Amino acid sequence: MSRFKRKQHINFRKEEVSFITDRWKATEPVSLIGVGSVGKSNLLHHLSDPDVYDKYLGESARNFQSIIIDPFLLGPLPMDAPNIEQYKFWAGIELIMHRLYMAFYPSDMLNDSDKQRFFDLYQALQNGNNPLFAYMGIRYLELGLKVLFDNNIRLVLMFDEFEEFLRIMPAKFFQTLRGLRDTYKSQLTFLIFTRSTLPFLIDTYEIDYLSIEPFIELFNDNVQYVGPYNEQDAMFMLHTLIRRNPKATYQDYLYEFLLYASGRFAGIMRASFRALDNLGKIHPDDIHDDNLIKK
């Protein structure tokens, strides 16, 4: 049984998902770019759905796993301390290892012996009694990855809110990810989701481009801009909102108005749905009225 909880219809974002999974079949990194209201979380969770693997990856879906790495699951980091960059590096490695543990420790993709081995590495990475624990974090992560790869698992690490990683993490973190990618190229790749292009973000955060270039150049050939929902996805979202708000019963033409007024951007659709009652009486002839849109 799937452990996946947040469920979209299987053809959700089919244009974008087709592009992404075609790249995944070749174990190639992907860069997604989309504004804040575009429905990023829904897309990433959809890309974590085993039913999506089956539909789009075919035979490649066997032993395949994508993992969301969310920077907002990092613990609080000190603003200033000795060896602060080393600690931040360890925190990023620990977050990846923890998300892998959450995905694979209860999974039937590993036998009991390998589960225990992975668990032991997970604990060792967090052992603060080891004076070298911050330095050794990458060693334990690589050993943990090797447990997975020895079981023929193919892995995509999907970095949500990637600009936050750029803001927080030292360059060594990204250099290490590139090193892991080069070592396990046939089994490990990455997906990043940002609101702006990588050159713009690097300039904004005043990052030394040469120090991060080995990681950034992985994504040069596979950039996908994520726009508003297509009409099918937009209607599916509206029906979901209706199910969650059974008292909100509107005429069909009002849903057409919502699609038009929101541009089919997920966040704006959600806000517009909640605000519809505040617009007063709307007639069928009003739905493309610019004054109503402004209101």
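In the predicted model, the second largest pocket is lined by 22 residues, and those lying nearest its centre are Gln8, Asn42, Thr240, Arg244 and Arg270. The volume of this pocket is about 350 Å³. Its lining is mixed in character, with 7 nonpolar, 8 polar and 7 charged residues. At least two lining residues each come from helix H2 (40-46), helix H11 (231-244) and helix H13 (266-275), and of the elements that contribute, H11 gives the most, with 6 residues.

Two of these helices, H11 and H13, also take part in the packing around helix H12, whose buried residues pack against H11, H13 and helix H14 (290-294). Within H12, which spans residues 252-262, the buried positions are Leu254, Tyr255, Phe257, Leu258, Leu259 and Ser262. An α-helix has 3.6 residues a turn, so residues three or four places apart point the same way. After H12 comes glycine 263, which has a positive phi, near 70°.

In soluble globular proteins, nonpolar side chains tend to be buried together. In the present model, the largest nonpolar core has 55 residues, and the residues with the most contacts inside this core are Leu100, Phe104, Leu155, Leu157, Phe159 and Phe173. The element that gives the most to this core is helix H4 (residues 84-104), with 11 residues. A second core, separate from the largest one, has 21 residues and includes Ile20, Leu32, Leu44 and Met158. For phenylalanine 104, when neighbours within four places in sequence are left aside, the residues in contact are Gln65, Ile67, Met109, Leu110, Lys115, Leu148, Ile153 and Leu155.

Two of the contacts of phenylalanine 104, Gln65 and Ile67, are buried residues on one side of strand S2, together with Ile69, whereas Phe64, Ser66 and Ile68 are buried on the other, so that both faces of the strand are covered. Because 6 of the 6 residues of S2 (residues 64-69) are buried, this strand is largely enclosed by the rest of the structure. S2 pairs with strand S3 (residues 154-159) in the parallel sense, over 6 bridges. In this pairing, isoleucine 68 has methionine 158 of S3 as its bridge partner, and Met158 is in turn among the residues of the second core, while Leu155, Leu157 and Phe159 are among those with the most contacts inside the largest core.

Conventions. Residues numbered from 1 in each chain as written. Predicted model: local features only at pLDDT ≥ 70, side-chain atom pairs only at ≥ 80, totals over all residues. Heavy atoms only, no water. Core = buried A, V, L, I, M, F, W, Y, C linked by side-chain atoms within 4.5 Å. Buried < 20%, exposed > 50% of the residue type's maximum accessible area, 1.4 Å probe, protein only. Helix = DSSP H or I, 4+ residues; strand = E, 2+ residues; numbered from the N terminus. Contact = heavy atoms within 4.5 Å. 1 Å grid on protein atoms, 1.4 Å probe; cavity = no way out; pocket = protein on both sides within 12 Å on 5 of 7 lines; lining within 4 Å. Points joined across faces, edges and corners; volume = space filled by probe spheres on them. Nonpolar A, V, L, I, M, F, W, Y, C, P; charged D, E, K, R; others polar. Pairing = 2+ DSSP bridges.
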